[in-house]
Structure formats: structure tokens, C-alpha cells
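Could you walk me through this protein chain, from its overall fold down to single residues? I would like to know what to look for when I turn the model on screen.

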Amino acid sequence: MNTTQSKDGTTLAYDVYGSGPALIYITGASCYRSFKPVVHDAKVLATSFTVYNYDRRGRGDSGNTLPYSLEREIEDIEAMIDVAGGTAYVYGHSSGAVLALEAALRLGGKVRKVAMYDASYVHDEKEKVEYHQLSQTVHKLLDDGNNAEAMQTFLKGIGMPRVFVWLLPLLSGFFR
């Protein structure tokens, strides 16, 4: 495990795989760098890239300087790009895809190209209302310290089958 510091002093933990052009792997909201599917994907990408697979703030071994903001996440991505040599490709999954696109918009030439999978954008007005209500429910659970229940509510709310939500805590460290 390697670490670097973001602009606000938050420690970011990361692993490096492969060789080739630098690629920053940005996970979704409920993942972390050591989650087996993330490691698998990072290693597949590492057949063509030097992959910097990092824990987003508040996940895995990275710190969690509060308050949270999108700007801090972009600063984290910039810190990872700087570790990788100053320019990089970015790959994002789910909410990480949104961050990858935002990083490209805000960091200009530091981001060479973006690859996104399953970006969590909603365009339908009815869905926007539903997701806003889900967001309020999840934030209330988090404010009350019910982190596992917040994660389960979130996953059910985005359509994950209940049986998978029930099985996830059995996976080592999923809700850590």
C-alpha cells in the first residue's frame, strides 16, 4: 500500500498495478480498492496501463477529512494524477464515472481521456424526485450513525436485488 496527501491533507491510500500509460481507477460510492471485483478490474486494465487504484476519501485505508464536497474528491483525483506523473487517463465506475467526467472538465490537460462505466446520472424527472428522497433517507441514517442500514437502504434504493443486499455483509469488509 502506498499513500499520498490531497490538497486538504487527507491521506489517500493506493496500489499500483501494471505498466504503460498512467490510469487512475475511481471506484463507485460503495467500493474500495481492495474489494475483489475492483482488484480484478484494475488488474485487467493493468495489462495495458499503469493503474493507480486508490481508496476514495472515507473508504478503505484513506482518511476522511470533513466536510465532504465534490471539490475535495476532484482534489483527490488531482493528487493521484500528480503521483502518476502529472497526466493520466481516468476510469470511473458508477459515481466514480461522474467524478471522472468532472475531473476532466475541471482539471483540463491533466486528464488525457475518460472511460466511464454505469455512470449514475438520472435524467427522468420522476426518478430525480425518487433519488432525492432516497438521498434524504440515507443522509438521515448516516447522521444518526446507522451506517450499515444507510448502505443497505442505498443499495435497495438503486435497484440492487434484496438477496444481494442481504448477502453483501457476509463478504469480508463490504460495509467497513
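The paragraphs below go from the whole chain to its cores, its largest pocket and a few single residues.

Please keep in mind as you look that this is a predicted model. The chain holds six helices and six strands. If you follow the sequence from its start, these elements come in the order β-β-β-α-β-α-β-α-β-α-α-α. For overall dimensions, picture a box of roughly 40 × 35 × 30 Å along the principal axes, filled by the C-alpha atoms of the chain. The radius of gyration is 16 Å, which agrees with the value near 16 Å that a compact globule of 176 residues would have. Of those 176 residues, 38% are buried. Sequence-distant parts of the chain also meet: among contacts between residues at least 6 apart in sequence, 62% join residues at least 24 apart.

Now turn to the interior. The largest nonpolar core has 20 residues, and the members that touch the most other members are I24, I26, I77, I81 and V90. Six elements each supply at least two residues of this core: the strands β2 (11-17), β3 (22-26), β4 (50-54) and β5 (88-93), together with the helices α2 (70-83) and α3 (95-107). The largest share, five residues, comes from α2. A second core, separate from this one, has 13 residues, including Y17, L23, A42 and A46.

V90 is a good place to zoom in on the largest core. Leaving out residues up to four places away in sequence, V90 touches I24, I26, I77 and I81, and also A100, V111, K113, V114 and A115.

Strand β4 offers two more residues to inspect. One of them is Y54, which counts as buried because its relative accessibility is 0%. Beyond residues up to four places away in sequence, Y54 touches A13, Y14, I24, Y25, I26, R33, I77 and M80. Take A13 from that list: A13 and Y54 are 41 residues apart in sequence, yet their C-alpha atoms are 5.6 Å apart in space. The other residue is T50, also found in β4. With a relative accessibility of 12%, under the 20% limit, T50 counts as buried too. Again not counting residues up to four places away, T50 touches V16, Y17, G18, S19, G20, P21, A22 and L23.

Next, look for the open space. The largest pocket contains about 2000 Å³. Its lining is made up of 50 residues, and those nearest the pocket centre are A29, S30, R59, S95 and F154. Two or more lining residues come from each of α1 (36-45), α2, β5, α3, α4 (125-143) and α5 (147-157). Sorted by class, the lining has 31 nonpolar, twelve polar and seven charged residues.

Some backbone details deserve a look as well. Most residues other than glycine have a negative phi, and most peptide bonds are trans. Which residues are joined by a cis peptide bond here? They are L66 and P67, with omega at about 0 degrees, and P67 lies in the loop between β4 and α2. S94, which is not a glycine, has a positive phi near 55 degrees; find S94 in the loop between β5 and α3. D118 is likewise not a glycine, and its phi is positive at about 55 degrees. The place to find D118 is the loop between β6 (111-117) and α4.

Finally, visit two loop residues towards the end of the chain. N146 sits in the loop between α4 and α5. Is N146 buried or partly exposed? With a relative accessible area of 31%, N146 is partly exposed. N146 and G86 are 60 residues apart in sequence, and their C-alpha atoms are 39 Å apart in space. M160 belongs to the loop between α5 and α6 (162-167). M160 is also partly exposed, with a relative accessible area of 29%. Setting aside neighbours within four places in sequence, M160 is in contact with L155, V165 and L168.

Methods
Residues numbered from 1 in each chain as written. Predicted model: local features only at pLDDT ≥ 70, side-chain atom pairs only at ≥ 80, totals over all residues. Heavy atoms only, no water. Core = buried A, V, L, I, M, F, W, Y, C linked by side-chain atoms within 4.5 Å. Buried < 20%, exposed > 50% of the residue type's maximum accessible area, 1.4 Å probe, protein only. Helix = DSSP H or I, 4+ residues; strand = E, 2+ residues; numbered from the N terminus. Contact = heavy atoms within 4.5 Å. 1 Å grid on protein atoms, 1.4 Å probe; cavity = no way out; pocket = protein on both sides within 12 Å on 5 of 7 lines; lining within 4 Å. Points joined across faces, edges and corners; volume = space filled by probe spheres on them. Nonpolar A, V, L, I, M, F, W, Y, C, P; charged D, E, K, R; others polar. Rg over C-alpha atoms; globule rule 2.2 N^0.38 Å.
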